[in-house]
Amino acid sequence: DPLRPHEYRPDIDGLRAIAVVSVVLYHLIGSWLPGGYLGVDIFFVISGYLITGFVLDQQRTGTFNLGTFYARRIRRIIPACAAIVAFSLVAGAILLFPDDYVALANSAANQQLMVSNVFFWKTLDYFGSAGEFKPLLHTWSLAVEEQFYLGYPLLLAVLAWTPRRMAATILSILLVGSLALSEWGVADHRDATFFLLPTRAWELLLGGMLWYLPGRFVPAFATAEIAGISGLVMILVAAFRFHAQSRFPGVAALLPCGGAALLIAANTRRLTLVGRSLAFEPVVFVGLLSYSLYLWHWPVLAFARHRYYGCFSPWTAAQALLLSLPIAWLSWRYLETPLRQSVGWARPRWVLCGIITTIPILLVSSFLVIRSDGLPERCTQSVRDIL
């Protein structure tokens, strides 16, 4: 029988590993994997699949509660993200010139308000060199997910009162509409298409729609093997053939997103050959670290670029990555895992108190940096004269 939504699937953690390794390699040295940025799109498909399954399963058993859903999302996303914002503000006070520190504080405030994707859309080109120096640039994808999940569970709650076929039709129309908007916008409004929710929503909906396909699209054995291999090939082709100048996202994003969806669907009944490879324990471990590694690798790289500006070599980049690995492990072990299991200090009431306290502190800190013009007194008078 097909797996239930609450059942653990190690192959999906393996797919997360592919996604995060793609992103990290792209950020490390883009020429190695010029289309590695598509790892974010894979994350979107996985997230849409898992969250939709969770909501539908709870609706089926009559246990779905919006408050509980949002609480789980908050515990999953916000604490770890708040940690990297706090780290960035402290590191910025040490390493950044005043103007750069003001820009960081602006991005930190927008991240806390869940609109960092809008902020970066208005202020820079993701594929431009300036983005390499923005420690919180990568939080744009978190903002897209946060905005999506503000309304998506409400939509699923309404669709629960309709026949399943009608619900699938409505979601399909939204998916196609978002994809069409993405394809239209990628030509003349690429930055908006890249960063904003309306042109990215179809990727999350694609994962969610797997739960509405007839019979949960559980293919026969031979078909599943072909689908698994095809999905992996689609992702690899996109990762190696796409580049910064590619017409992306738009319809082109169907290649990696469709590949991710095929891999998820192919391994629904039993693990295929590719699925067993994804479920290999070391690969799964990287997948378990994926969220923390995604969060921490980019600020470390960005600050290293500031520190070694003009002398930033592949060796320096590799050192920055090696530094981010133990930090990511610590974040996963002592922040993510307790929050997911709701044990000890990570019990819901303590998490809520922490969030209520932390977010205002980070917002006020960001505001003070902005109001003080980046704390120029940190620099000597001669440096200020040069600036």
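Helix axes are lines fitted to C-alpha atoms over the stretch in contact, and the angle between two helices runs from 0 to 180 degrees between their N-to-C directions. The exercises below use this definition on a predicted model.

**Exercise 1.** What is the relative direction of α7 and α9: parallel, antiparallel, perpendicular or oblique?

Solution.
- Helix α7 covers residues 164–188 and helix α9 covers residues 201–209; their axes are 8 Å apart and make an angle of about 150 degrees.
- Angles over 145 degrees count as roughly antiparallel.
- Therefore α7 and α9 are roughly antiparallel to each other.
- The crossing of α7 past α9 is left-handed.

**Exercise 2.** Which residues of α7 and α9 meet, and of what class are they?

Solution.
- From α7 come A168, L171, S172, L174, L175, S178, L179 and S182.
- From α9 come A201, W202, L205, L206 and M209.
- Sorted by class, this contact holds 10 nonpolar and 3 polar residues, with no charged ones.

**Exercise 3.** How many residues of α9 are buried, and against which helices do they pack?

Solution.
- Of the 9 residues in α9, 9 are buried.
- Among them are E203, L204, G207 and G208.
- The buried residues of α9 pack against α7, and also against α2 (39–61), α6 (140–159) and α11 (254–266).

**Exercise 4.** Is D373 buried or exposed, and which residues does it contact beyond its sequence neighbours?

Solution.
- D373 sits in the loop that joins α16 (348–371) and α17 (381–386).
- Exposed means over 50% relative accessible area.
- D373 has 52% relative accessibility, so it counts as exposed.
- Setting aside neighbours within four places in sequence, D373 contacts P98 and V102.
- Y101 is 272 residues from D373 along the chain, yet their C-alpha atoms are separated by 8.2 Å.

Notes:
Residues are numbered from 1 along each chain as its sequence is written. This is a predicted model: local features need pLDDT of at least 70, side-chain atom pairs count only at pLDDT 80 or more; totals for chains, interfaces and linings use all residues. Side-chain values use heavy atoms; hydrogens and water are left out. Helices (H or I, at least four residues) and strands (E, at least two) are DSSP runs, numbered from the N terminus. Angles under 35 degrees count as roughly parallel, over 145 as roughly antiparallel, 65 to 115 as roughly perpendicular and the rest as oblique. A crossing is left-handed if the near helix is turned anticlockwise from the far one by less than a right angle, and right-handed if clockwise. Contact means heavy atoms within 4.5 Å. Ala, Val, Leu, Ile, Met, Phe, Trp, Tyr, Cys and Pro count as nonpolar, Asp, Glu, Lys and Arg as charged, and the others, Gly among them, as polar. Buried means under 20% relative accessible area, exposed over 50%, partly exposed in between (1.4 Å probe, protein chains only).
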